[in-house]
Amino acid sequence: MNFANARTRWTLGVALAAACTAVIGTAAAVAAQQAAAPAPVAAPVVEDIPFASPDAGAVTVPSAPDAWGGPRTGNEPTLSDRVVAYRIQATLDPDKHTITGKQQLTWRNRSDRPVRAVYLHLYLNAFEGPGSTFYTEQRNNHFGFRSGVSVKEGGWGYTRLQRVAQGGSKVAWRYVQPDGGPATDRTVVRLDLPEAVAPGGSTTLDIDFFNQLPRVSARTGYYGTFHLVGQWFPKIGVLELPGERGATAPRWNVHEFHLHSEFYADFGEYDVSLTVPKGWTVGATGEEQGKPVERGDTITHRFVQADVHDFAWTADKRYAKPLDGVYHGANGPVKVRVLYHPEYVHNAKPVLDATIASLTYFSKTLGDYPYRTVTAVIPPYNADEAGGMEYPTFFTASSYANVDKGTLSRYALDFVTIHEFGHGYFYGILASNEFEEPMLDEGLNEYWDHRMNVANGEQVQAGTWWSRLIGARIAVGEFESQRLGGMLSEPADPLGNNSWHRFSSGSYGTVYSRTATMMHDLEQQVGKAALERAFKQYYAQWKFRHPSIADFREAMAEGTGQRALVERLFADQVYATRKVDDRIAEFDSDEVLPAPGMVEYKGKPVELTQDHLDKAVQKVRDRWTKKNPKADADKRGPFPYLTRVLVRRDGAAVPQTLLVRFADGTSRSFQWNDTAGERWWRVGVTSRSRAVSVELDPERRIFLDKDKLDDGMTREANGSAARRWSADLAALLQTAFAQLVTL
Ligand SMILES: [Zn+2]
């Protein structure tokens, strides 16, 4: 949806509302408020505990060893150092798509000072209208959310607090905009507590809330009888302490809901009772407790899960009988359930299989899956934007009409399933801050998902009905496909940037593809074993602890044992924006013949003229030809060859290899490990055989390079380099892949 359309539709909506109802005054006031440009900005509020910076991103300072209560060794009484406990009773009105909720939120003050005010996220308010930060960014920055489904009339959503109490005393609240967004944004609310929470103490807040779910446009909402309920309850912000994610003093990490942003929250316990009409199917985060309780026309399901930081659920009367499976892991059986609608019955088994395959791979390569359930939801027809989203122990996959093996749609279904399950580790268990450092979740997850496919011998299948008709099999390597979406020629944002300070939505998308490409290159340089060791170390050290980019960098530096290389890569790609571009500028290979000039002969200077030399050279040639009548002088002649190669570097330094191939079939390779910032590299080599071609990065290790077609040169026209890098030509397929890289 572009800027002009959005504005036109909105203006028309307001005009109609004014004409049809008696709220002309309200509509006009709203119109005046919204039409004012720039959008109103809230007056700065001096808080006793400050907010995290509105432009926070890539942390450079490693966290303290005791951050988040120290590493979780497995000997602690609980998996995570629990900060919150949510007890929620929620009732769904399936016709109005509303939820009435009662919530008991218990929060522990980990800091060394009394806390008088706390902050809650009210994420659904992003969907209440054009005044939210979410829609303001869409309008003012030309940002788009995935497929860009627009909100239809009557399809807005919101959440409202109805009552907040602390120990029976009423709690006052007001909306705040910690990132300086429009004053009309209501996604963060401040609660001023009647009684301060003592250092190390806890408080319990009783909260009544009401949700109007939006029609599905960005992850959450309803379509018909289908309800996917995410980011739906008032959720407390994270109070970060000194030594955690770069903080030097306590600070509230509670950003507004930005358009590209996902989430960040404390670990704790969730005990949630969900009341829906009888006969409806419910799926949710965690394990269901006992049999659901019927009361009149309704039924109440209770789900409990500890050591997670979010809770999502779904309810529909149209779900088919769930497809169940089991994964037998080191921590006991894991129940895997796939929820789907009758029209997508053929998608259910592939999703179940890919989920179990992911449980196997992630448990083996990072650490054993610590929970007892995984629930996967296949959204129904026309609710695609609810798909491709992760929540703890619960995710939404995609759906496709054709899931035949070897098709792009089957590849996409498998990949989305792997990706959303994989979030359970990077977003779920490692729980990095997706607002400020999305590369730690989306980027690393994307990388690990493609590694899983490589380990299982998969390739991006780009087959369509017409290609199969003509018997063509179109496949692109896992990481070649990532290069295509990486904006490698003109990267606009450092990978470590936060989710909202972005050149474009496409540039936010590079968090996925360029991070995966960078990690691919790092793995090529340090080797598979060292990389896997480093990731295992990262996971073991930081699970349940919210690591930062600096913590990840340290884990990579220590785990691979190659600190200099890791630090340079992070400096160039994570904390800054440097393209990589090495190319062959010149290449020739010629016979070395004696040259005219003065020589010393018997103590006297004698001039060798060209004439002398021509005769001498001819003599040598004749003798050689007589001896080797059928030989090819290029392969091995009477004179040696001098090969000269000039490499031009237009981007960041990378460990580079040059391979020179000779006519006799032999080859030699040369290394360039520059640390001085050179912009060129000259290689000269003398050999008995003439060089026929030169190639940079012959082992295809450097996928960040913006153009692989200029990495090779032959003496005579020869398309070998171009053929080797046919992936670049597959840019035509980029549109098809785009859907795979922003999930
Ligand atoms: Zn994702």
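In this predicted model, helix α10, spanning residues 528-542, and helix α11, spanning residues 549-560, have axes that come within 8 Å and cross at roughly 135°. The two helices, α10 and α11, are therefore oblique to each other, and α10 passes α11 in a right-handed crossing. On the α10 side, the contact is made by Ala530, Leu531, Arg533, Ala534, Gln537, Tyr538, Gln541 and Trp542. Their partners in α11 are Asp551, Phe552, Ala555, Met556, Glu558, Gly559 and Thr560. Sorted by character, the residues of this contact between α10 and α11 comprise eight nonpolar, four polar and three charged.

A second pair of helices can be described along the same path. The axes of α4 (residues 345-365) and α5 come within 9 Å, with a crossing angle of roughly 45°. That angle makes α4 oblique to α5, and α4 passes α5 in a right-handed crossing. From α4, the residues taking part are Asn347, Pro350, Val351, Ala354, Thr355, Ser358 and Phe362. They meet Arg410, Leu413, Asp414, Thr417, Ile418, Phe421, Gly422 and Tyr425 in α5. Here the contact of α4 with α5 divides into eight nonpolar, five polar and two charged residues.

Helix α5 also leads into the nonpolar interior. The largest nonpolar core has 151 residues, and the members touching the most other members are Val272, Val338, Val351, Ile378 and Ala397. Helix α5, residues 408-429, supplies the largest share of this core, with twelve residues. Val351, one of the well-connected members of the core, is also among the α4 residues that meet α5. Leaving aside residues up to four places away in sequence, isoleucine 378 touches Val338, Leu339, Tyr340, Tyr344, Asn347, Ala348, Val351, Ala397 and Ser399. A second core, separate from this one, consists of twelve residues, including Val647, Val660, Ala663 and Leu696.

Some individual loop residues also deserve a look. Histidine 309 sits in the loop between β18 (298-308) and β19 (313-316). This histidine 309 is buried, with 24 other C-beta atoms within 10 Å. Although histidine 309 and aspartate 266 are 43 residues apart in sequence, their C-alpha atoms are 5.5 Å apart in space. Once residues up to four places away in sequence are set aside, the contacts of histidine 309 are Ala265, Asp266, Phe267, Pro392 and Ala431.

Next come two residues with an unexpected backbone angle for a residue that is not a glycine. Tryptophan 68 has a positive phi of about 55° although it is not a glycine. Its place is the loop between α2 (24-35) and β1 (84-93), where tryptophan 68 is buried, with 25 other C-beta atoms within 10 Å. Aspartate 697, likewise not a glycine, has a positive phi of about 50°. Aspartate 697 belongs to the loop between β34 (691-696) and β35 (712-714). Because the cut-off for a buried residue is 20 or more other C-beta atoms within 10 Å, aspartate 697, with 21 such neighbours, counts as buried.

Finally, the chain can be viewed as a whole. The protein chain holds 16 helices and 35 strands. Of its 743 residues, 46% count as buried. Among contacts between residues at least 6 apart in sequence, 71% join residues at least 24 apart.

Terms used
Residues are numbered from 1 along each chain as its sequence is written. This is a predicted model: local features need pLDDT of at least 70, side-chain atom pairs count only at pLDDT 80 or more; totals for chains, interfaces and linings use all residues. Axes are lines fitted to C-alpha atoms, for helices over the stretch in contact, and angles run from 0 to 180 degrees between N-to-C directions. Helices (H or I, at least four residues) and strands (E, at least two) are DSSP runs, numbered from the N terminus. Angles under 35 degrees count as roughly parallel, over 145 as roughly antiparallel, 65 to 115 as roughly perpendicular and the rest as oblique. A crossing is left-handed if the near helix is turned anticlockwise from the far one by less than a right angle, and right-handed if clockwise. Two residues are in contact if their C-beta atoms, placed from the backbone, lie within 7 Å. Ala, Val, Leu, Ile, Met, Phe, Trp, Tyr, Cys and Pro count as nonpolar, Asp, Glu, Lys and Arg as charged, and the others, Gly among them, as polar. A nonpolar core is a set of buried Ala, Val, Leu, Ile, Met, Phe, Trp, Tyr and Cys residues joined through C-beta atoms within 7 Å.
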